[in-house]
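This briefing introduces one structure to a reader who has not seen it before. The sequence and the structure come first, and the notes follow.

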Amino acid sequence: MAKISIFAGSVYGNAQHVAEETSGMFEKHGIESEVFTDPEISDFVDAYAVVVITSTTGQGDVPPNLELFFSDLRDEFPMMNSKPFAVAALGDSSYGESYCGAGKQFQELLTELQGKPVAEMLEVDAIETLAAEEEVVPWLENLVPQLIES
Ligand SMILES: Cc1cc2nc3c(=O)[nH]c(=O)nc-3n(C[C@H](O)[C@H](O)[C@H](O)COP(=O)(O)O)c2cc1C
């Protein structure tokens, strides 16, 4: 059975809540998944597929709970060999150029690691959307076949 690792980068809990709802959706489809808020590289390497759901903080920065994970990925550079991945970015377009910056950094890094993006990154704008899970969960539900394809 495919196991999807969901990496949640969150400051105020929004993205974490979305990650937990996503995990529930995967479970409904009979797919094992786990939400990581303090992940290690082995959680990434052991996954069949990778989902990143992250907000952005500061000026385009990765939330503190994923900072170390992100820099470890950069340093250790574990190649993904076409492992499927998807990134959902929660942001706020009033931040201008740094809109969804953390999601963009992950999308870029996972592409450099030669993961296989199953879709373009999803951007969820806090100005337009109050309940981010209502966008992210159906988006990922549509991507289930690509995430678990063998
Ligand atoms: C101090 C602060 C800085 C932020 N910086 C950015 C930013 O640079 N770019 C962006 O798109 N959103 C930014 N945001 C918006 C958050 O990413 C957005 O509100 C998100 O939904 C928060 O999710 P969370 O509760 O999971 O942290 C910022 C929010 C705060 C409070």
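The notes below cover the ligand site, backbone angles, and several single residues.

This is a predicted model, in which local features need pLDDT of at least 70 and side-chain atom pairs count only at pLDDT 80 or more, while totals for chains, interfaces and linings use all residues. Residues are numbered from 1 along each chain as its sequence is written, and side-chain values use heavy atoms, with hydrogens and water left out. The ligand sits in the largest pocket, and the protein covers 83% of the 640 Å² of accessible area that the ligand has on its own.

**The ligand and its pocket**

- A pocket is found on a 1 Å grid over the protein atoms alone, as an open set of points where a 1.4 Å probe fits, with protein on both sides within 12 Å along at least five of seven lines.
- A molecule sits in a pocket if more than half of its atoms lie within 2 Å of its grid points, and the ligand meets this for the largest pocket.
- There are 19 residues around the ligand, and those that come nearest are Ser10, Val11, Ala15, Thr56 and Cys100. A residue is near a molecule if one of its heavy atoms lies within 4 Å of it.
- By type, the shell around the ligand holds seven nonpolar residues, eleven polar ones and one charged one. Ala, Val, Leu, Ile, Met, Phe, Trp, Tyr, Cys and Pro count as nonpolar, Asp, Glu, Lys and Arg as charged, and the others, Gly among them, as polar.
- Helix α1 (14-28) and strand β4 (84-91) each supply at least two residues of that shell. Helices (H or I, at least four residues) and strands (E, at least two) are DSSP runs, numbered from the N terminus.

**Polar atoms facing the ligand**

- A backbone N or O atom of Cys100 is 2.7 Å from an oxygen atom of the ligand.
- For Asn14, a polar backbone atom lies 2.9 Å from an oxygen atom of the ligand.
- Ser55 places a polar side-chain atom 2.9 Å from an oxygen atom of the ligand.
- The protein's cover of 83% of the ligand's own 640 Å² rests on accessible areas from the Shrake-Rupley method with a 1.4 Å probe; for residues, only the protein chains shown count as cover.

**Positive phi angles between α3 and β4**

- Most residues other than glycine have a negative phi.
- Phe77 is not a glycine, yet has a positive phi of about 50°. Phe77 is in the loop between α3 (64-76) and β4.
- Phe77 counts as partly exposed because its relative accessibility is 33%. Buried means under 20% relative accessible area, exposed over 50%, and partly exposed in between (1.4 Å probe, protein chains only).
- Ser82, also not a glycine, has a positive phi of about 65°. Ser82 is placed in the loop between α3 and β4, and its 48% relative accessibility is why Ser82 counts as partly exposed.

**Thr129 and its contact**

- Thr129 is in the loop between β6 (122-125) and α5 (133-148). With a relative accessible area of 15%, Thr129 is buried.
- The side chains of Thr129 and Glu135 make a polar contact at 2.6 Å. A polar contact is a pair of N or O atoms within 3.5 Å; within protein, one must be able to donate a hydrogen and the other to accept it, and residues adjacent in sequence count only if both atoms are side-chain atoms.

**Single residues in helices**

- Pro64 lies in helix α3 and is exposed, at 55% relative accessible area. The C-alpha atoms of Pro64 and Ser10 are separated by 8.0 Å, with their positions 54 residues apart along the chain.
- Gly103 belongs to helix α4 and is buried, at 0%.
- Thr111 lies in helix α4 (residues 101-112) and is partly exposed, at 41%. Thr111 and Val11 are 25 Å apart, C-alpha to C-alpha.
- Val144 lies in helix α5 and is buried, at 7%. The C-alpha atoms of Val144 and Thr111 are separated by 19 Å.

Note on methods. 1 Å grid on protein atoms, 1.4 Å probe; cavity = no way out; pocket = protein on both sides within 12 Å on 5 of 7 lines; lining within 4 Å.
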